[in-house]
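Here is a short report on one protein chain. Look at the model first, then read on.

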Amino acid sequence: MEAVLQTRGLLSLPPKPTKASSLLNPSQGLSHRLFASKPLGFNGLCLFYRRVPSVVAKPNGVPFICKAKAASAADGKQPFFNENEKPKFMGIEILTLKKIIPLGLMFFCILFNYTILRDTKDVLVVTAKGSSAEIIPFLKTWVNLPMAIGFMLLYTKLANVLSKKALFYTVIVPFIAFFGAFGFLLYPLSNYIHPQALSDMLLAVLGPRFLGPLAIMRIWSFCLFYVMAELWGSVVISVLFWGFANQITTVEEAKRFYPLFGLGANVALIFSGRTVKYFSNLRKNLGPRVDGWAISLKGMMSIVVLMGFTICFLYWWVNKFVPLPTRSWKKKEKPKMGTMESLKFLVSSRYIRDLATLVVAYGISINLVEVTWKSKLKAQFPSPNEYSSFMGDFSTATGIATFTMMLLSQFIFDKYGWGVAAKITPTVLLLTGVGFFSLILFGDPLGPALAEFGMTPLLAAVYVGAVQNIFSKSAKYSLFDPCKEMAYIPLDEDTKVKGKAAIDVVCNPLGKSGGALIQQFMILTFGSLANSTPYLGGILLMIVFTWLSAAKSLDTQFTALRREEELEKEMERDAVKIPVVSEPRNDSVANSSLLNAASDDS
């Protein structure tokens, strides 16, 4: 192989550095220079390096070394490096495929289960006797949040005493066992284990405004299912799967294949939505005295258990047959910020404040609309099977919309930039939210017009609310999340790490529980969620406008930082890196080394 060196300035690799006359000898090609016999240094390598000052000078007369670029053209001769070509399939290494394909199947199974569990948990707690959608804010704040904190504390303790494999099985097997036991044991016995009489007595004493808190006690096994389904999303997806994926993949593999996991997730959403729809419609073929929802629940939980064991098998197979990449043991220092430290850091930086506003506003806004929509959904579909069937269609539509938006997101970022992409999610939520609350508040005058389309104001509100949730979630996954992560890129390392830590500690929990706390206050003040609807609509408008204002401010700062970063990159001089290979004994090509020569700046 002949190598062509294209240089600005003089840069050469002579076989005999003592002879200056050989530097510009045209009769000696690079092949002769690289593979000529030289005294062997350590590890069989002999490295000669000379940096020759360039005759080119800057206008002020100060000489500098120009950057050298090396280009290699293959002519069929012996390659530089004697490396065995790794087997490939369709341009991808077989070893990479042995990791990525099982990971993709694991991700599909995990999200397939999560969609079934997410739809089922809402059906259980919303349509249960003596309960309603008003239970959700209280359930998220006073049951889900404490159990999530307790679970993570337990996980931290287990991580200190168990191996990674044992920890994975110890965490996921109880989930599989619980969901199987719920479908075949807890739900059939629910009429015997739920304290219905005690709950009715307390409700008569405390009044209807305490329907939500008392429903947690009334249907405690359904609430436990709700919490376990929520934990499946946060623990199995975020902790177990992504922790395992980051453990066995390299950075290059992650950059190439992780985006495909996002597309595969929406394919799982589509298929699981069809599965929920199928089992929910089984009631139509059963007798009048048969509990159709119990039959549907057994079928769906059987699939969840089967998928769970498939996940365990794939995890075992990868650990058994796939070699793990070597990692550096050097750990990067990450500041641990408490809640008060996080609040102080959020207040001190305008950029971080605006970014925090985006995160909190999304969490509150989607919660305000979603719970109100589910209350109307129960009014339209009181039967568990009808409710579940509708949620199956909803999940399928969400998967299709998100898949499409992910394909369009690259065009939006390239064509319109970060600012427009960041404003799409609040704009969609604002427009659909206004339509949804308008149908609830002013539905009666619109009744005759809607009747011509075969819809009642309630059904129209359900459909508009479904459209609002579908497009809000698809915009969140395809645009909001990438915008949020991109906003950290131009920050300096200290602000980047501390800002992300502050937002993770304060803003994510605040966004998720903020909407629930607002709804709890409204329910206890005005008596019910329906009576609170006008005020919830007004709060939604205020939050979305604040969100849009923060996005506009952040866009200005983000653009300025990006320009500064690009200007700094233009002014930097990259180091010169030239591979030099010597010929060791036995006429075989040895390992290569990289010689780095830093450019001299005036």
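Start with a charged pair inside the protein. Both K374 and E370 are buried. Their side chains meet in a salt bridge, at 3.8 Å from N to O. The two residues sit in helix α12 (residues 350–380), 4 residues apart, or about one turn of the helix. The pair does not stand alone: salt bridges that share partners join K121, D122, E230, E370, K374 and K473 into one network. Keep in mind that this is a predicted model.

**Salt bridges**

Side chains of opposite charge can pair when their charged atoms come close. How many salt bridges does a search of the whole structure find? The count is 9. Three of these bridges are listed here.

| Salt bridge | N to O distance |
|---|---|
| D122 and K121 | 3.3 Å |
| D393 and R274 | 2.3 Å |
| K374 and E370 | 3.8 Å |

Take D122 and K121. Both residues are buried. Now take D393 and R274. This pair links distant parts of the chain. D393 is in helix α13 (residues 384–441), while R274 is in helix α9 (residues 251–280). The two are 119 residues apart.

Are D393 and R274 buried or partly exposed? Buried means under 20% relative accessible area, and exposed means over 50%. D393 has 29% relative accessibility, so D393 counts as partly exposed. R274 has a relative accessible area of 39%, so R274 is partly exposed too.

**Aromatic rings**

A pair of aromatic rings is described by the distance of the centres and the angle of the planes. The structure holds 36 aromatic pairs. One of them is W418 with F558. The ring centres are 5.0 Å apart and the planes meet at 25°. Why is this pair called stacked? Planes under 30 degrees apart count as stacked, and the angle here is 25°.

W418 lies in helix α13 and F558 in helix α17 (residues 533–571), so the pair ties together parts that are 140 residues apart in sequence. W418 has 6% relative accessibility, so W418 counts as buried. F558 has 8% relative accessibility and counts as buried as well.

F526 and Y535 form another aromatic pair, also stacked. Their centres are 4.4 Å apart, with 10° between the planes. Are these two rings' residues buried or partly exposed? F526 is partly exposed, with a relative accessible area of 31%. Y535 is partly exposed, with a relative accessible area of 43%.

Aromatic residues also gather in a group. F151, F175, F178, F179, F182, Y187, F222, F225 and W232 form one aromatic cluster.

**A kinked helix**

Helix α15 covers residues 457–486, which is 30 residues. From its first C-alpha to its last, helix α15 reaches 41 Å. That is close to the 44 Å expected at 1.5 Å a residue. Where is the kink in α15 centred? The kink is centred on K476 and comes to about 45°.

**The whole chain**

Now step back. The secondary structure of the protein chain comes to 17 helices and 6 strands. The chain has 602 residues, and 47% of them are buried. About 31200 Å² is exposed, and carbon and sulfur atoms supply 64% of that area.

Contacts come last. Take the contacts in the protein chain with a separation of 6 or more. Residues 24 or more positions apart account for 80% of these.

Definitions and conventions
Residues are numbered from 1 along each chain as its sequence is written. This is a predicted model: local features need pLDDT of at least 70, side-chain atom pairs count only at pLDDT 80 or more; totals for chains, interfaces and linings use all residues. Side-chain values use heavy atoms; hydrogens and water are left out. The expected span of a helix is 1.5 Å times one less than its number of residues. The bend at a residue is the angle between axes fitted to the seven residues ending there and the seven starting there. Buried means under 20% relative accessible area, exposed over 50%, partly exposed in between (1.4 Å probe, protein chains only). Contact means heavy atoms within 4.5 Å. Accessible areas come from the Shrake-Rupley method with a 1.4 Å probe; for residues, only the protein chains shown count as cover. A salt bridge is a side-chain nitrogen of Lys or Arg within 4 Å of a carboxyl oxygen of Asp or Glu. Rings of Phe, Tyr and Trp (its six-membered ring) pair if their centres lie within 6.5 Å; planes under 30 degrees apart count as stacked, over 60 as edge-to-face and the rest as tilted.
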